[in-house]
Amino acid sequence: MLEIDGLVKAYGSNQVLKGVSFSVAPGQMFGFCGSNGAGKTTTMRIAMGLARADAGEVRWTGRPVDDAVRRRIGYMPEERGLYPKMKVGEQLTYFARLHGMDAAPAARAAEHWAERLGLGERRNDKVEKLSLGNQQRVQLAAALVSEPDVLILDEPFSGLDPVGVDSLAEALLDQCRRGVPVVFSSHQLDLVERLCDAVGILARGSIVASGTVDELRSGAVGRQLRVVAPDAPDDWAAALPGVRVVSAQRGDTVLELAPGADDQQVLAAALATGRVAHFAWREPTLVELFRDAVTATPAVAA
Amino acid sequence: MSAPAPAHSDVTPNSPARMVRLVAGREISTRIRDKGFLVGSAVLVLLILGMLVFQVAINSGTDTTRVAVVGGDAAVSEALRAQGDALGTEVEVVDYDDEGAARTAVQDGEVEGALLSPSGVQPELLVESGGGQVETLVQGAVQGLALDRQLSDAGVQLEAPPEVEVVALDPDADADLEAAIVALVGVVVLYSLLLLFGQFVAQGVVEEKSSRVVELLLATMKPWQLLSGKIIGLGLLGLAQMLVIAVIGVAGALAFDVVELPGRLIGTVLTVVAWFVLGYAFYAAIFAAAASLVSRQEDLGSVLTPATLLPVVGLVIALQAAQDPTSTLARVTSFVPGLSPMVMAVRQAAGEAALWEVAVAVLIMLVSIAVIVRVGGRIYAGALLRTGGKVKLRDALRAES
């Protein structure tokens with residue numbers, strides 16, 4: 001279990017992180033969302049030891065993350081960085097060795113990952129000669145080449161074309177299947193929704209919502225229920241406890257249920273009016289959840 | 001829920017020493033395949049060889065004076081040679097049978113002068129124009145011969161004159177000068193290599209910063225490991241280059257017979273190499289710290305210039321010290337860290353530095369290296385992850401991580 005526990009960080013008077021906590025289980029894909037400047041990169045850099053937290057700590061398998069553990073973390077920084085004049089294969093071998101591999105296995109791993117990410121023919125090219133998309137692949141390969149125990153990736157999908165996104169997503173899912181916890185930050189919420197088992201939304205320096213996408217939905221403020229009962233009068237649900245009518249139009253009603261309100265009671269009331277053609281929770285998209293979470297008061301942490 | 005981590009039979013944690021070795025190895029293998037580096041090294045070696053050839057060319061101009069003699073005998077040739085020895089020139093005597101042939105030889109420049117009837121009453125010297133050295137030579141020889149003849153005619157039996165015993169007050173003076181010249185050549189090489197490899201270190205630091213790869217590196221190692229790996233790797237390469245030049249220089253000097261005392265030469269060269277190691281450690285740390293303050297190669301000049309001035313000053317003083325190794329300036333600056341590698345090396349070679357002076361200079365240098373590595377390492381660590389503009393020295397020192 002990778003635990004981020006109460007990270008606090010200020011740069012001068014700018015309070016960047018005000019107690020960021022979340023945890024990622026092995027094999028879990030954790031999507032880290034937040035507006036620009038919310039503190040995602042700072043959180044990841046603290047986890048990688050590139051910045052020091054004023055308070056809080058990062059733990060892996062219950063122990064604070066130290067240099068030895070960090071070498072078992074695959075990292076992709078927001079600012080991409082590779083030696084421009086070094087060949088792809090040599091570069092990957094070098095990073096594998098920095099992470100503790102011996103020369104021969106490191107060379108094998110470099111070959112494997114270059115092949116795997118479609119860079120097989122570019123192994124002997126200098127990185128600066130590659131297209132940006134291919135450089136991005138090398139960057140990912142550099143994070144994966146040492147077969148890390150944990151992956152922390154800052155905006156890994158930015159700048160990739162749809163095919164690149166798919167192959168990167170596939171590679172990350174593979175890592176999850178190996179039992180590696182994967183944390184990545186992204187602005188592409190549809191992607192996060194599609195890939196991630198768990199999501200954390202960071203706003204103004206703290207996590208305002210976290211959990212699985214389903215949990216976020218159920219915990220969302222004002223869960224909405226759409227009921228279509230063609231024969232019902234407009235005010236059929238008005239008297240139900242914990243229920244607020246958002247809109248009602250010719251039997252098509254949208255209700256907002258307070259936490260703890262009984263949806264079965266609503267169904268019974270609807271059936272009492274006659275035929276029920278539609279009865280379902282409206283699934284808010286992650287975009288809606290994100291918007292709600294980011295604009296709501298910070299008190300609404302899950 | 002802490003599931004066991006996937007098995008990694010291939011992975012063992014790197015020790016700090018291994019990390020430094022890996023970084024150093026990368027520096028060497030990258031640099032050694034760099035065309036600019038190879039060309040630069042070749043030029044340096046050629047320069048040294050060129051200097052040797054130049055030396056040989058100058059020395060080979062040892063003058064022999066060819067003198068034509070008409071009607072001379074063994075005694076005349078002997079007297080001319082003896083006189084030549086006294087004047088510091090080698091005399092080659094060419095016998096001619098008649099005056100005409102000798103005259104042609106003088107006109108053609110084959111001989112510098114032609115001596116006619118040396119034993120006669122009126123010896124005559126034919127020269128092309130003004131007499132110069134040949135005149136002095138021949139005059140002396142003819143006088144000697146005449147004196148001998150008159151004395152023996154008068155029945156004076158000459159005893160062998162006493163051999164003068166030569167007592168040199170400073171027998172090493174010549175050797176000292178020679179060693180100082182060798183040291184000077186060595187110091188010029190040392191200076192060039194210091195700046196060259198210091199520059200390499202600085203460029204490497206900025207390259208990692210501008211390409212942002214430094215963030216990836218620092219996720220696996222400490223700043224000091226990266227810094228020392230870089231300095232050690234390039235330093236070994238610099239030392240290797242210094243040794244190659246030293247070996248070529250010494251071998252060339254011995255082969256061309258440029259120097260008088262090979263033992264002294266080798267000692268001086270080793271001294272210079274040792275000072276190179278200290279000087280490099282000093283300047284590489286300064287250059288690395290300075291370079292870490294900027295993020296672009298274009299800005300490198302502005303931070304390196306102040307650091308480059310010191311070795312320039314050192315070189316100028318060293319040139320001065322080669323001529324006057326006992327001057328106060330040379331004496332004082334040979335203890336100043338950063339200057340001592342150049343100035344003390346010259347003073348040592350000139351034989352003007354006492355052992356304790358060398359020891360003190362080395363000690364001061366070692367202490368300042370320790371301080372600079374510490375402070376420079378802090379600046380480096382503080383500035384490394386700050387990209388964008390130029391980092392202020394104060395901010396870099398204050399940064400904790």
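Me: By definition, helices (H or I, at least four residues) and strands (E, at least two) are DSSP runs, numbered from the N terminus. How many of each does chain A have?
Reply: Chain A has 10 helices and 14 strands, and chain B comes out at 14 helices and 4 strands. Before you lean on any of this: it's a predicted model, where local features need pLDDT of at least 70 and side-chain atom pairs count only at pLDDT 80 or more, while totals for chains, interfaces and linings use all residues. Residues are numbered from 1 along each chain as its sequence is written, chains are lettered from A and ligands numbered from 1 in the order written, and side-chain values use heavy atoms, with hydrogens and water left out.

Me: How do you know whether chain B matches a compact globule?
Reply: Set the radius of gyration, taken over C-alpha atoms, against the globule rule of 2.2 Å times the number of residues to the power 0.38. For 401 residues a compact globule would have a value near 21 Å, but chain B has 33 Å. The C-alpha trace of chain B spans about 125 × 45 × 40 Å along its principal axes. For chain A, the box around the C-alpha atoms is roughly 75 × 45 × 30 Å.

Me: What makes a residue buried, and what share of chain A qualifies?
Reply: The cut-off is under 20% relative accessible area; over 50% is exposed and in between is partly exposed (1.4 Å probe, protein chains only). Buried residues make up 51% of the 302 in chain A, and 45% of the 401 in chain B.

Me: Why is A:Leu151 called buried?
Reply: Its relative accessible area is 0%, so A:Leu151 passes the test. It lies in strand E7 (residues 150-154) of chain A. Leaving out residues up to four places away in sequence, A:Leu151 touches (a contact being heavy atoms within 4.5 Å) several residues, including A:Gly74, A:Leu144, A:Leu172 and A:Val182. A:Phe184 is 33 residues from A:Leu151 in sequence, with 8.0 Å between their C-alpha atoms.

Me: What makes helix H3 (residues 88-98) of chain A count as mostly covered?
Reply: 9 of its 11 residues are buried, among them A:Val88, A:Leu92, A:Tyr94 and A:Phe95. The cover comes from both chains: it includes helix H4 (103-116) and helix H5 (132-144) of chain A, plus helix H1 (16-32) and helix H7 (213-218) of chain B. Just after H3(A), A:Gly100 takes a positive phi of about 110°.

Me: How do you know which strands sit at the edges of the sheet E2-E1-E4-E5 in chain A?
Reply: Two strands pair if DSSP finds at least two bridges between them. These 4 strands form an open sheet in that order, with antiparallel pairing. Strand E2 (14-24) and strand E5 (63-64) each pair on one side only, which puts them at the edges. Strand E1 (residues 2-11) and E2(A) pair over 8 bridges, clearing the two-bridge requirement. One of the partnerships is A:Glu3 with A:Ser23.

Me: What do E12(A) and E13(A) form, and what is the phi in the turn?
Reply: They make a hairpin with 2 residues between them, and A:Arg250 in the turn has a positive phi of about 45°. The two strands, E12 (residues 243-249) and E13 (residues 252-257), run antiparallel and are joined by 6 bridges. A:Ala248 has A:Thr253 as its bridge partner.

Me: Why do side chains in a strand point in alternate directions, and where does strand E3 (residues 113-116) of chain B send its own?
Reply: In a regular strand the side chains alternate between the two faces of the sheet. Here B:Gly113 and B:Leu115 point one way and B:Ala114 and B:Leu116 the other, and all are buried.

Me: Which strands does E3(B) pair with, parallel or antiparallel?
Reply: Strand E1 (residues 64-70) of chain B runs parallel to E3(B), with 4 bridges, and B:Ala68 has B:Ala114 as its partner. Strand E4 (residues 124-127) of chain B runs antiparallel to E3(B), also over 4 bridges, and B:Leu116 stands opposite B:Glu124.

Me: How far apart are the mean positions of the positive and negative charges in chain B?
Reply: Lys and Arg count as positive and Asp and Glu as negative, without His or the chain ends, and each charge is placed at NZ of Lys, CZ of Arg, CG of Asp or CD of Glu. On that basis, the 25 positive and 41 negative charges of chain B have mean positions 32 Å apart. For the 33 positive and 38 negative charges of chain A, the figure is 6 Å.
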